[in-house]
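Please work through the exercises below with the sequence and the coordinates open beside you. Each task is followed by a solution that goes step by step.

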Amino acid sequence: MNTASPNGTASPNGEALLSLRDVRVSFPGKRRRARTEVLKGIDLDVRPAETLGLVGESGSGKTTIGRAILGLVPVASGTITFGGERIDTASAARRRALSRDLQVIFQDPYTSLNPSLTIGDTLAEPLIAQGGDARGTRARIAALLDRVHLPADAADRLPREFSGGQRQRIAIARALALRPRLIVCDEPVSALDLTTQRTILDLLLEIQDDTAVAYLFISHDLSVVRAMSHRVAVIHHGLIVETGESAQVTTAPEHPYTRTLLLSAPVADVAEQRRRRERRAEASPER
Ligand SMILES: Nc1ncnc2c1ncn2[C@@H]1O[C@H](COP(=O)(O)OP(=O)(O)OP(=O)(O)O)[C@@H](O)[C@H]1O
């Protein structure tokens with residue numbers, strides 16, 4: 001069975017592209033030699049060409065999952081496999097090779113681009129690192145800028161000449177440079193205003209339609225996750241408490257924490273705010 005998608009395509013079932021099994025990550029704690037376990041046994045699957053939304057409150061461990069997948073924090077136990085290959089134990093050289101297939105877009109477009117490199121050089125870096133020649137690299141940069149709806153002359157300019165939304169387009173172009181199979185999108189629109197958010201989200205959907213790239217879409221914002229994802233996983237205190245089809249998780253959640261998350265999501269509609277207050281009061285009459 002295929003699942004309905006936010007962008008009209010279907011989410012293919014079957015073999016996962018990325019799998020996390022019982023993944024645990026801990027950091028040094030406040031007391032000497034003590035460690036704080038931040039991920040407490042994460043199980044996750046992202047299928048080819050799908051968007052898995054990962055939602056949870058601040059500090060629940062979302063970014064740490066993304067960083068563990070990218071090899072930026074050590075995994076204490078459990079396994080991460082990508083395309084059938086175990087990657088949590090990959091060497092630095094293998095990691096560099098994996099960056100062809102596994103990419104990331106960070107939250108802050110103001111710090112994620114090197115301020116002293118032109119956009120052309122920023123986009124050329126991964127292409128040259130993977131052995132691209134000068135002519136092919138120039139053509140690919142032009143195609144990437146076109147792909148993210150930026151003019152060709154953007155290649156000669158520096159990041160400071162671009163707005164936050166345009167910088168995020170550049171970060172997306174850089175992530176796409178090597179035609180990855182999966183992009184970890186870590187809060188890719190939360191630093192942007194609402195109108196710009198919509199255009200960046202539309203761009204990500206458009207790119208997925210064209211390229212069948214899979215996204216692990218990390219956000220604290222349930223409405224954004226609902227709009228973007230085929231399936232949604234909910235994280236609470238370092239554990240996945242619920243995973244399911246986006247519509248099901250965001251309208252008829254099974255876990256009490258997901259229900260709380262839904263009721264506390266901000267809404268513009270005043271009548272809906274009132275209804276939620278009433279539902280919250282019913283859910284906890286003692287308050
Ligand atoms: N390098 C680190 N060293 C120590 N503690 C860390 C480190 N990275 C993250 N943490 C802690 O791990 C917990 C989870 O952090 P993480 O950034 O994964 O949460 P998050 O769900 O992405 O939150 P947010 O939405 O605020 O970014 C937090 O308590 C954080 O302080």
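The exercises that follow concern a predicted model, and they go from the overall make-up to the ligand shell, the helix pairs and the backbone.

**Exercise 1. Overall make-up**

Task: State how many helices and strands the protein has, what percentage of its residues is buried, and what percentage of the contacts between residues at least 6 apart in sequence joins residues at least 24 apart.

Solution. Begin with the secondary structure, which comes to ten helices and twelve strands. Next, take burial: of the 287 residues in the protein, 38% are buried. Finally, consider the contacts between residues at least 6 apart in sequence, of which 66% join residues at least 24 apart.

**Exercise 2. The shell around the ligand**

Task: List the residues around the ligand, sort them by class, and find which helix gives the most to this shell.

Solution. The first step is the list itself, which consists of Phe27, Val38, Gly56, Ser58, Gly59, Ser60, Gly61, Lys62, Thr63, Thr64 and His220. Sorted by class, with glycine counted among the polar residues, the shell holds two nonpolar, eight polar and one charged. The second step is to ask which helix gives the most, and this is helix 1, residues 62-69, with three residues.

The third step is to look at the burial of helix 1, for which a residue needs 20 or more other C-beta atoms within 10 Å of its own. Lys62, Thr63, Thr64, Ile65, Gly66, Ala68 and Ile69 of helix 1 are buried. Because seven of its eight residues are buried, helix 1 is largely enclosed by the rest of the structure. Just after helix 1, Gly71 takes a positive phi of about 80°.

**Exercise 3. The surroundings of Gly56**

Task: Locate Gly56 in the chain, decide whether Gly56 counts as buried or exposed, and name the residues with which Gly56 is in contact beyond its neighbours within four places in sequence.

Solution. Gly56, one of the residues around the ligand, is found in the loop between strand 5 (51-55) and helix 1. Gly56 has 26 C-beta neighbours inside 10 Å and therefore counts as buried. Once the neighbours within four places in sequence are left aside, Gly56 is in contact with Lys62, His220, Val234, Ile235 and His236; Lys62 and His220 are also among the residues around the ligand. As a last step, take the C-alpha atoms of Gly56 and Val241, which are 10.0 Å from each other although the two residues lie 185 residues apart along the chain.

**Exercise 4. Two helix pairs**

Task: For helix 5 with helix 6, and for helix 3 with helix 4, give the crossing angle, the handedness and the residues that make the contact.

Solution. For the pair of helix 5 (residues 164-176) and helix 6 (residues 194-211), the axes come within 10 Å and cross at roughly 20°. Angles under 35 degrees count as roughly parallel, and helix 5 and helix 6 are therefore roughly parallel to each other. The crossing of helix 5 with helix 6 is right-handed. Helix 5 contributes Gly164, Gly165, Gln168, Arg169, Ile172 and Leu176 to the contact, and helix 6 contributes Thr196, Thr199, Ile200, Leu203 and Ile207. By class, these residues are five nonpolar, five polar and one charged.

For the pair of helix 3 (residues 119-129) and helix 4 (residues 134-147), the axes also come within 10 Å, and the crossing angle is roughly 125°. Helix 3 is therefore oblique to helix 4. Helix 3 passes helix 4 in a right-handed crossing. Gly120, Leu123, Ala124, Leu127 and Ile128 in helix 3 meet Thr137, Arg140, Ile141 and Leu144 in helix 4, which gives six nonpolar, two polar and one charged residues. The buried residues of helix 3 are covered by elements that include helix 4 and helix 5.

**Exercise 5. Positive phi**

Task: Find where Arg179 and Glu187 lie, and determine how exposed Arg179 and Glu187 are.

Solution. Most residues other than glycine have a negative phi. Arg179, however, has a positive phi of about 55°, and Arg179 is found in the loop between helix 5 and strand 9 (182-186). With 11 other C-beta atoms within 10 Å, Arg179 is exposed. Glu187 likewise has a positive phi, near 50°, and its place is in the loop between strand 9 and helix 6. Glu187 counts as partly exposed, because 19 C-beta neighbours lie inside 10 Å.

Conventions:
Residues are numbered from 1 along each chain as its sequence is written. This is a predicted model: local features need pLDDT of at least 70, side-chain atom pairs count only at pLDDT 80 or more; totals for chains, interfaces and linings use all residues. Axes are lines fitted to C-alpha atoms, for helices over the stretch in contact, and angles run from 0 to 180 degrees between N-to-C directions. Helices (H or I, at least four residues) and strands (E, at least two) are DSSP runs, numbered from the N terminus. Angles under 35 degrees count as roughly parallel, over 145 as roughly antiparallel, 65 to 115 as roughly perpendicular and the rest as oblique. A crossing is left-handed if the near helix is turned anticlockwise from the far one by less than a right angle, and right-handed if clockwise. Two residues are in contact if their C-beta atoms, placed from the backbone, lie within 7 Å. A residue is near a molecule or strand if its C-beta atom, placed from the backbone, lies within 6 Å of it. A residue is buried if 20 or more other C-beta atoms lie within 10 Å of its own, exposed if 12 or fewer, and partly exposed in between; C-beta atoms are placed from the backbone.
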